[in-house]
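Me: I am new to reading protein models and would like some company. Could we go through one together, feature by feature?

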Amino acid sequence: VIVNVVDVNDNAPVFSNCPVDKIQLHKANYSASSVITLQATDSDEGGNGQIVYSLVEGSKYFTINSESGELTIKSKELQQYEGHSIQSVVKATDQPSNGDNQLYAATCSVTFDIVNEGTIRNKEDESRVSEDTTIWKI
C-alpha cells in the first residue's frame, strides 16, 4: 500500500513587516520610486504557499510587483496631497493547488505622509538622497 500525503491549503499568508510606521514621501521621490517592499509568507507547501500581491487601495498613485511585493510610486499627482496623508492597502493571496478551492488572504495598510522640502523640522533630521533611491525596504 502506497500512501501519498498532499498539503491542503489550510494556512493564510502573514505579513512579516506589517504594521508599517508612517512613511514620509518627499517631492523629489514622486516619480517611479520604490517606497517599500512588503513581505508575506505562507506556511503551506507548493502552490498553496505561493503568494501573489495586489493593491486593494491606492492604485491611482502606486503599483505593486505581484511577485515581490515592491510598492512603487506611479503618479506625480501625490504633489496635490502635500501636507496630508494617503493610504495604500496591499493584499497577499495564496494560490491553492491540488484541486483545493480554499483561498486565503491577508492585508497590510501603509500610510504615507506627503511632505514638501520645507517640512523638515530639525537640521539633524535632514539627509539628501538621489531621486532613484529606495526610501524604505524591509
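Me: Which residues does UniProt list for "domain: Cadherin"?

Reply: Happy to start there, with one reminder: what you see is a predicted model. The UniProt record, an unreviewed entry, gives residues 1-15 and 33-116 for that domain. In the model, the span of residues 1-15 has its end C-alpha atoms 40 Å apart, and it is 0% helix and 13% strand.

Me: How many helices and how many strands does the protein chain have?

Reply: The count is 0 helices and 9 strands. If you walk along the sequence, the pattern reads β-β-β-β-β-β-β-β-β.

Me: Since this is a prediction, what pLDDT does the protein chain average?

Reply: A good thing to look at early. Where pLDDT is low, the predicted coordinates should not be read in detail. Here the average is 81, and 79% of the residues score at least 70. Take care with residues 119-130, where pLDDT stays under 50. For that stretch the model has 4 contacts beyond four places in sequence.

Me: Now the inside. What share of the residues counts as buried?

Reply: Of the 138 residues in the protein chain, 35% count as buried. For the outside, the chain exposes about 8,400 Å², with carbon and sulfur atoms supplying 45% of that area.

Me: And how many residues are in the largest nonpolar core?

Reply: That core has 24 residues, and Phe15, Leu25, Phe62 and Phe112 have the most contacts inside it. At least two core residues come from each of β2 (23-26), β3 (34-37), β5 (51-57), β6 (62-64), β7 (70-73), β8 (85-94) and β9 (105-115). The largest share, 5 residues, is from β9.

Me: Can you show me single residues? Is Val35 buried or exposed?

Reply: Val35 counts as buried because its relative accessibility is 0%, and buried means under 20%. You will find Val35 in strand β3. Val35 and Ile73 are 38 residues apart in sequence, while their C-alpha atoms are 7.1 Å apart in space.

Me: Where is Ala106, and which residues does Ala106 touch?

Reply: Look in strand β9 for Ala106. Its relative accessible area is 16%, so Ala106 is buried. Not counting residues up to four places away in sequence, Ala106 touches Pro13, Phe15, Val90, Lys91 and Ala92. The C-alpha atoms of Ala106 and Thr93 are separated by 6.7 Å, with their positions 13 residues apart along the chain.

Me: What about the loops? Is Lys22 buried or exposed?

Reply: Lys22 sits in the loop between β1 and β2. With 53% relative accessibility, Lys22 counts as exposed. Beyond its neighbours within four places in sequence, Lys22 is in contact with Ser85, Thr111 and Asp113. Thr111 is 89 residues from Lys22 in sequence, yet their C-alpha atoms are 5.1 Å apart.

For another loop, try Ser68, between β6 and β7. Ser68 counts as partly exposed, at 33% relative accessibility. Setting aside neighbours within four places in sequence, Ser68 has contacts with Thr37, Leu38 and Tyr53. The C-alpha atoms of Ser68 and Val52 lie 8.3 Å apart, and the two residues are 16 apart along the chain.

Me: Many of these pairs come from separate parts of the sequence. Among contacts between residues at least 6 apart, what percentage join residues at least 24 apart?

Reply: For the protein chain, that figure is 71%.

Me: Which residues form the disulfide?

Reply: First the general idea: a disulfide is a covalent bond between the sulfur atoms of two cysteines. This structure holds 1 disulfide. Cys18 and Cys108 form it, with their sulfur atoms 2.1 Å apart. The pair links distant parts of the chain, since Cys18 is in the loop between β1 (14-15) and β2, Cys108 is in strand β9, and they are 90 residues apart. The link is right-handed, with 100 degrees about the S-S bond. Cys18 counts as partly exposed at 26% relative accessibility, whereas Cys108 counts as buried at 1%.

Me: One last stop: is the peptide bond from Cys18 to Pro19 cis or trans?

Reply: In general, most peptide bonds are trans. The bond from Cys18 to Pro19 is cis, with omega near 10 degrees. Pro19 lies in the loop between β1 and β2.

Methods:
Residues are numbered from 1 along each chain as its sequence is written. This is a predicted model: local features need pLDDT of at least 70, side-chain atom pairs count only at pLDDT 80 or more; totals for chains, interfaces and linings use all residues. Side-chain values use heavy atoms; hydrogens and water are left out. A nonpolar core is a set of buried Ala, Val, Leu, Ile, Met, Phe, Trp, Tyr and Cys residues joined through side-chain atoms within 4.5 Å. Buried means under 20% relative accessible area, exposed over 50%, partly exposed in between (1.4 Å probe, protein chains only). Helices (H or I, at least four residues) and strands (E, at least two) are DSSP runs, numbered from the N terminus. Contact means heavy atoms within 4.5 Å. Accessible areas come from the Shrake-Rupley method with a 1.4 Å probe; for residues, only the protein chains shown count as cover. UniProt positions are given in the numbering used here, feature names are shortened, and annotations may be inferred rather than shown by experiment. pLDDT is the predictor's confidence in each residue, from 0 to 100. A disulfide is a pair of cysteine sulfur atoms within 2.5 Å.
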